[in-house]
Amino acid sequence: QVQLVESGGGLVQAGGSLRLSCAASGRTFSSYAVGWFREAPGKEREIVAALSWNGLATYYADSVKGRFTISRDNAKNTAYLQMNSLKPEDTAVYSCAAGRGVTITTIRYDYWGQGTQVTVSS
């Protein structure tokens, strides 16, 4: 199984940047797709970005496209979410998840981290 722990959240000003990290345990992490999700109070959890196990397929929500970049370093069992040009509406708890699926948009995320708070001030 896979255990995930996020870090890197915090308070930033609008227009600033943050880099979130997702540290994974388990030798099989490299065989899982990874996704970043966010959940703001009163809103449904939404997928922000996803990356296939081999790094060849990506998905980004329209709201973050061009601003966020998902990446992974399988040798370090770590996934990342680089967030640039942050907006107040990006404020949420961000969680990473791992799973498998036939396509990048049909991943079943079986493993979840606890989340890290990202707050963007205006």
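# Exercises on an all-strand chain

A polar contact of 2.9 Å links the side chains of Q82 and N84. Here a polar contact is a pair of N or O atoms within 3.5 Å; within protein, one must be able to donate a hydrogen and the other to accept it, and residues adjacent in sequence count only if both atoms are side-chain atoms. The model is predicted: local features need pLDDT of at least 70, side-chain atom pairs count only at pLDDT 80 or more, and totals for chains, interfaces and linings use all residues. Residues are numbered from 1 along each chain as its sequence is written, and side-chain values use heavy atoms, with hydrogens and water left out.

## Exercise 1: Q82

Task: place Q82 in its strand and list what Q82 touches beyond four places in sequence.

Solution.
- Step 1. Q82 belongs to strand β8, residues 78-83. Strands (E, at least two residues) and helices (H or I, at least four) are DSSP runs, numbered from the N terminus.
- Step 2. Leave out residues up to four places away; Q82 then touches S17, L18, R19, R67, F68 and T69. Contact means heavy atoms within 4.5 Å.
- Step 3. Add the side-chain link from Q82 to N84, at 2.9 Å.

## Exercise 2: T78

Task: decide whether T78 is buried or exposed, then find its partners.

Solution.
- Step 1. T78 is also placed in strand β8.
- Step 2. The relative accessibility of T78 is 11%, so T78 counts as buried. The classes are buried under 20% relative accessible area, exposed over 50%, and partly exposed in between (1.4 Å probe, protein chains only).
- Step 3. The T78 side chain reaches the backbone oxygen of K76 at 2.9 Å.
- Step 4. Set aside neighbours within four places; T78 contacts S21, C22, A23, F29, R72 and D73.

## Exercise 3: positive phi

Task: locate N77 and S85 and state the phi of each.

Solution.
- Step 1. N77 sits in the loop between β7 (68-73) and β8. Its phi is near 50°, a positive value in a residue other than glycine.
- Step 2. S85 sits in the loop between β8 and β9 (92-100). The phi of S85 is near 50°, again positive in a residue other than glycine.
- Step 3. S85 has a relative accessible area of 42%, so S85 is partly exposed.

## Exercise 4: Q13 and P88

Task: work out which residues Q13 and P88 contact, leaving aside neighbours within four places in sequence.

Solution.
- Step 1. Q13 lies in strand β2, residues 10-13. With a relative accessible area of 60%, Q13 is exposed.
- Step 2. Q13 contacts V120 and S121. Q13 and V120 are 107 residues apart in sequence, yet 5.4 Å apart in space, C-alpha to C-alpha.
- Step 3. P88 is in the loop between β8 and β9. Its relative accessible area is 36%, so P88 is partly exposed.
- Step 4. P88 contacts A14, V120 and S122. V120 is thus a partner of both Q13 and P88.
- Step 5. P88 and N74 are 14 residues apart in sequence and 31 Å apart in space, C-alpha to C-alpha.

## Exercise 5: two loop residues

Task: give the exposure of P41 and T28, and one C-alpha distance for each.

Solution.
- Step 1. P41 lies in the loop between β4 (33-39) and β5 (46-51). At 78% relative accessibility, P41 is exposed.
- Step 2. P41 and A92 are 51 residues apart in sequence and 7.5 Å apart in space.
- Step 3. T28 lies in the loop between β3 (18-25) and β4. T28 is partly exposed, at 37% relative accessible area.
- Step 4. T28 and Q1 are 27 residues apart in sequence and 7.8 Å apart in space.

## Exercise 6: the whole chain

Task: describe the secondary structure of the chain and test its radius of gyration against the globule rule.

Solution.
- Step 1. The chain has 0 helices and 11 strands.
- Step 2. The rule is 2.2 Å times the number of residues to the power 0.38, with the radius taken over C-alpha atoms. For 122 residues a compact globule would have a radius near 14 Å; the chain has 13 Å, which agrees.
- Step 3. The C-alpha trace spans about 40 × 25 × 25 Å along its principal axes.
- Step 4. Buried residues make up 44% of the 122 residues.
- Step 5. Take contacts between residues at least 6 apart in sequence; 57% of them join residues at least 24 apart.
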